[in-house]
Amino acid sequence: MQNNIPSDVLLRVDNLCQYFKLGSKELHAVDHVSFDIKKGEVFGLVGESGCGKTTTGRSIIKIHQITGGNVFYKGQRIAAGTRGYTDRIAAIKKEYAERVASDRSNKSAILKERDGKIAEVRAEMKAAVAEARNCDRNYAAKLVAEVDAEYRPLIEKATASGDSAELARVKKEYKAKRRVAQKTRLVTQIQMIFQDPVSSLNPRMTVREIISEGLVINGIRDKEYIDEKVYEILELVGLVREHAGRYPHEFSGGQKQRIGIARSVIMRPEMIIADEPVSALDVSIQAQVINLLNELKEQLGLTILFIAHDLSVVKYFSDRIGVMYFGKLVELADSDELFRHPLHPYTRSLLSAIPLPDPKSEKNRKRIIYKPLEEHDYSTDLPSLREVSPGHFVYCNDAEENKYRKELQGE
Ligand SMILES: Nc1ncnc2c1ncn2[C@@H]1O[C@H](COP(=O)(O)OP(=O)(O)O)[C@@H](O)[C@H]1O
Ligand SMILES: [Mg+2]
C-alpha cells in the first residue's frame with residue numbers, strides 16, 4: 001500500500017500505541033500518538049515523568065514491538081502494530097452479529113459479506129506487518145545494488161588494465177563496502193542518546209570500544225579506519241583523541257554525555273532521538289551539551305527528536321513542540337506559537353512552572369495546577385486531536401474546540 005507522505009517528512013509517527021500488560025490489565029503508555037518530523041527539524045517532546053516519552057522513542061527505534069499504529073521513516077513503513085486492525089475486525093463482527101439478530105432469514109448472506117470484509121482487513125494487516133518486517137532487508141538490498149553498480153565498472157577497468165595489484169585493491173574495497181551494505185539496517189539511521197550517561201556506558205569498555213561498537217556491529221573491521229573515525233568523532237564532540245584509551249568512570253557527567261553523543265553520531269545517523277540528554281547534568285553543564293547538539297545538528301545536518309520533562313529546556317532549541325500527558329499528545333504547535341498561545345490546560349500548567357528571568361514578574365508568577373477531572377467534561381462530547389489553527393493541534397472536544405478558536409481570535 002502506497003502512503004502519501006510528503007517528501008520533506010523524515011519521520012511519521014501514525015497513531016502509535018504502545019500498551020504494556022499489567023496483570024490482566026493493559027497500561028496505555030503511548031496511546032494513539034501522531035506527529036511528523038520534517039527533515040532538519042528539532043521536534044521537542046515534553047511531558048512529566050511517566051507520560052510515555054521514552055516509550056515513544058524506544059518504539060520508533062524498534063526496541064518495542066508496537067501494539068498499534070505505524071512508524072514511517074523516509075516514507076517506508078518501519079514498524080506496524082496490529083491492534084488497529086484487530087479492533088476493526090471486532091467492530092465488524094459486532095456490527096454483523098447485530099444484523100444477523102435482526103434479519104435471521106438472510107443469515108448466510110450476511111455472514112458471507114462479513115467474512116469478506118474481515119478477510120480484507122486481515123490482508124491489509126498482513127501486508128503492513130510484512131512491509132515493516134522487510135524494511136531492513138529491502139533497504140540493505142538497495143544499498144548492495146548501489147555498491148555493485150559502483151564497483152562493476154571499476155573492476156572491469158582494473159581487469160582490463162592488467163594491473164593485478166590494483167585489481168586486488170579494488171576487489172578488497174568492493175568486498176568491504178558490500179559487507180557493510182549488507183549489514184546496514186534502515187533503523188541505524190536513527191540513533192538514541194540516553195538520559196543517564198552513567199548507566200548507559202559500559203564501565204568495562206574503553207571509550208574507543210564504546211564509540212566504535214556500532215561500526216563493528218555493522219561489519220567494519222579495518223582497525224586503522226575505526227581508530228581514525230573514533231578520533232575524528234571525539235574531536236567533533238569536544239573531547240580529545242587521548243581520551244580513547246580511558247574508561248567511563250574517569251570522566252565528568254558532561255564528558256560522559258559527550259561520549260554518549262559520540263557513540264550515536266559515529267554511525268552518521270540522519271536522525272537523533274535525544275532522551276532527556278541533559279536532565280541528569282548540572283545546570284551549568286546543560287547549556288554546553290545543548291550547544292554541542294545544536295552545532296552537530298548544523299554540521300551533520302541532523303534531524304532531532306528532543307525529549308524533555310520541562311518546557312524551559314526545549315524552548316530555544318525546538319522548531320515545534322508536542323506536549324504529552326498520560327500517553328496522549330495533548331498539544332502540538334510551532335515552538336513560538338505554543339509559548340504565545342498555549343491552549344490545553346496541561347500546557348499552561350507546564351508553562352507556569354518555568355521561572356521567569358525578571359524578579360518582579362517572577363514574584364507574581366502563579367503556578368497553575370492541572371486537574372483533568374475538573375477541567376474537562378468528556379462524558380458525552382468526546383475529545384480527539386484537532387487542528388484549531390494552521391499547524392496548531394489540541395486534544396479537545398467540540399465545546400473546547402469552540403472555546404479555543406474564540407480565544408485565538410480574541411487576541
Ligand atoms: N517495559 C515496560 N513494561 C511495563 N511498563 C513500562 C515499560 N516501560 C515503560 N513502562 C511504563 O510506561 C509508562 C511510560 O513510561 P516512560 O515512557 O518511561 O515515561 P517517560 O519517559 O515520559 O518518563 C510508565 O508508567 C512506565 O512505568
Ligand atoms: Mg523517560
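A domain, as the word is used here, is a part of the chain whose bounds come from an automatic or database domain assignment. In this predicted model, the protein is divided into domain 1, which is made of the two stretches 9-81 and 311-410, and domain 2, which covers 185-308. The C-alpha centres of domain 1 and domain 2 lie 28 Å apart.

The two domains also touch, since 24 residues of domain 1 are in contact with 19 residues of domain 2. On the side of domain 1 that touches domain 2, the elements giving two or more residues are β1 (9-22), β3 (42-46), α1, β5 (76-80) and α11 (311-314), and the largest share, five residues, comes from β3.

Ligand 1 has its own shell of residues, and the ones around this ligand are F20, L27, A29, G47, S49, G50, C51, G52, K53, T54 and T55. Two elements, β2 (25-38) and α1 (53-60), each give two or more residues to the shell around ligand 1, and α1 provides the largest share of it, with three residues. The helix α1 therefore appears in both settings, being listed for the shell around ligand 1 as well as for the side of domain 1 that touches domain 2.

The table sets out both groups of residues by class.

| Group | Nonpolar | Polar | Charged |
|---|---|---|---|
| Shell around ligand 1 | four residues | six residues | one residue |
| Side of domain 1 that touches domain 2 | 14 residues | six residues | four residues |

Terms used: Residues numbered from 1 in each chain as written. Chains lettered and ligands numbered in written order. Predicted model: local features only at pLDDT ≥ 70, side-chain atom pairs only at ≥ 80, totals over all residues. Near = placed C-beta within 6 Å. Helix = DSSP H or I, 4+ residues; strand = E, 2+ residues; numbered from the N terminus. Nonpolar A, V, L, I, M, F, W, Y, C, P; charged D, E, K, R; others polar. Contact = placed C-beta atoms within 7 Å.
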